[in-house]
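Colleague: I should like to understand the terms used for this structure. May we go through them together?

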Amino acid sequence: MRYEHIIHTIPPVYDENSRVLILGTMPSPKSRQANFYYGNPQNRFWRVLAAVRGEEVPQSKEDKIRFLLRNRIALWDTLSSCDITGAADSSIKNAVPNNLSAVLDTADIKIIFTTGKTAYKFYRKYQFKETGADAVCLPSPSPANARTGIEKLIEEYKIINQYL
């Protein structure tokens, strides 16, 4: 396995009106190339969130930012850097966590969600002590999680609406 050292360069999306914080693990190669979260067209994140909120799927980076802020959703990742092979979260070594205080000190976050078990694991390991807030682990929208169909993802992600 060939590891690459990745430094997270995509800023978090949030404002003072954000109520829900969704945390992934680390941007995939396609997300880094697009310079925005969930940039792989096969990833179902944007389709799922749009369905949950009853909106059209945002296409451009600017549309996605407006979608998140309009819906009071903050978006970031648990890690600021790591060694990783491709997009395989399971390969992560030498993880360094993001400091979530910028988001949490600005926004009135009611709940934290993670997009998958790896993001949840890193949140529990690194950020839980600081925040004191447990996170809810949602299923990963990644194409690697093909066993969870889009209808099931939409159903699971609907919990977000309770906090907006």
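The conversation below concerns pockets, their linings and one helix.

Modeller: This is a predicted model, in which local features need pLDDT of at least 70, side-chain atom pairs count only at pLDDT 80 or more, and totals for chains, interfaces and linings use all residues. Residues are numbered from 1 along each chain as its sequence is written.

Colleague: What makes a residue part of the lining of the largest pocket?

Modeller: A pocket is an open set of points on a 1 Å grid over the protein atoms alone, where a 1.4 Å probe fits, with protein on both sides within 12 Å along at least five of seven lines; lining residues have an atom within 4 Å of a point. The largest pocket has 33 lining residues, and Asp89, Thr115, Ser140, Ser142 and Ala144 are the closest to its centre.

Colleague: Which helix gives the most residues to the lining of the largest pocket?

Modeller: H1 does, with 3 residues.

Colleague: How is the lining of the largest pocket divided by class?

Modeller: There are 13 nonpolar, 15 polar and 5 charged residues. Asp, Glu, Lys and Arg count as charged, so Asp89 belongs to the charged class.

Colleague: What is the volume of the second largest pocket?

Modeller: The second largest pocket holds about 210 Å³, a volume being the space filled by probe spheres set on the points. Trp46 is among the residues closest to its centre.

Colleague: Why is Trp46 of H2 called buried?

Modeller: Buried means under 20% relative accessible area (1.4 Å probe, protein chains only). Trp46 is listed among the buried residues of H2, so its relative accessible area is under 20%.

Technical notes. Heavy atoms only, no water. Helix = DSSP H or I, 4+ residues; strand = E, 2+ residues; numbered from the N terminus. Buried < 20%, exposed > 50% of the residue type's maximum accessible area, 1.4 Å probe, protein only.
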